[in-house]
Amino acid sequence: MVKLVLDQAEGLRRLVARHTTRIVAVVGSAPEAGQTSVALNLASALAHHGQDVVLADESGHAAPALGLPLRGDIHDVLAGRISSEAVRVQTRDNVVLVPVAHRHPERIDPQRALPVLTVGEPDVVIVDCTHAGGVLSPLAAHAHDVLVVLGCEPASITGAYSWIKQAHYEYALAQFRVLVNRAEDMEARVVCRNLATTASRYLAVSLELAGHVPSDRQVVRARHLTRTVVDAFPMAPAAVAYRQLAAQVMHWPLAIRDTGPAALGAGIGQVGDCGGDRGVEMTHGVGAVSAHTA
């Protein structure tokens, strides 16, 4: 009897977890960090792993990168000018791309926009974040995980620290994941360790190395083909790295909670370091409201 009850509880836990949509905000430390490329390829790699993925194109760069024709955006949906189904575009990677009004992301009501993105209960929503209108848009502020993309260049590292500092003070964030783009494993670990040491000392925040993507000419070739490297050249080193990253994303800790839009504002992460997970959960995430306006 006890075993039956435990099995039923585990089955319920898995059922609830399966229907909880993870939201990952992808931000760039600098315009040349490759944020949109990371968002596109991460979404493609997650779909490769069998995940139901929605890519929220908040930057306005993701759809053009794939050469996709658009009929409107979420702003048009919320204004009643177009249906929510008409604004969704299927990519060749089996990812649903939904354009967001990137010129005025601060005007998007996340409580109304999130149901548009999460219709059908996808497994993951990747937000290719805008660089305008503040550190995080109201929509991106509902993410469970914030993935900061940076390179090995000093300007990119400085930009990443500056962005993390702003996000920490604006949203009381205590944990970030970083992806070092166009770098080898040892380079990425050094960059993350140095950044994490500074962030821990002056901001009391934790950084975790989510992974790295090596420099790869096939990424450029795929871009010229308006495709992701994961789709166009699946055995390329960068494509392999993205699939490894996607496999990790699928196992990042996620809180089991109510699945209504209002409940999506509180995320959960895992405090770790640049060497990997430590297994210590924290019960707060980005949150839906800026600390300065609370």
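Helices (DSSP runs of H or I, at least four residues) and strands (runs of E, at least two) are numbered here from the N terminus. By that count, the chain has 10 helices and 10 strands.

Welcome to a predicted model, in which local features need pLDDT of at least 70, side-chain atom pairs count only at pLDDT 80 or more, and totals for chains, interfaces and linings use all residues. Residues are numbered from 1 along each chain as its sequence is written, and side-chain values use heavy atoms, leaving out hydrogens and water.

Of the 294 residues in the chain, 53% are buried (under 20% relative accessible area, with exposed meaning over 50% and partly exposed in between; 1.4 Å probe, protein chains only). The accessible surface (Shrake-Rupley method, 1.4 Å probe) comes to about 13,400 Å², and carbon and sulfur atoms hold 55% of that.

Let us now visit helix α7, residues 185-202. Its 18 residues should span 26 Å at 1.5 Å a residue, and the end C-alpha atoms are 26 Å apart, which agrees; the expected span is 1.5 Å times one less than the number of residues.

Buried in α7 are Ala-188, Val-191, Cys-192, Leu-195, Ala-196 and Ala-199. They cover an arc of only 125° around the axis, so they lie on the same side of α7; the arc is taken from the directions from the helix axis to the C-beta atoms. The face turned away from this buried side carries exposed Met-186 and Arg-201.

The buried residues of α7 pack against these elements:

| Element | Residues |
|---|---|
| β6 | 145-150 |
| α6 | 154-171 |
| β7 | 175-181 |
| β8 | 206-213 |

After α7 comes Ala-204, with a positive phi near 60°.

Technical notes. Contact = heavy atoms within 4.5 Å.
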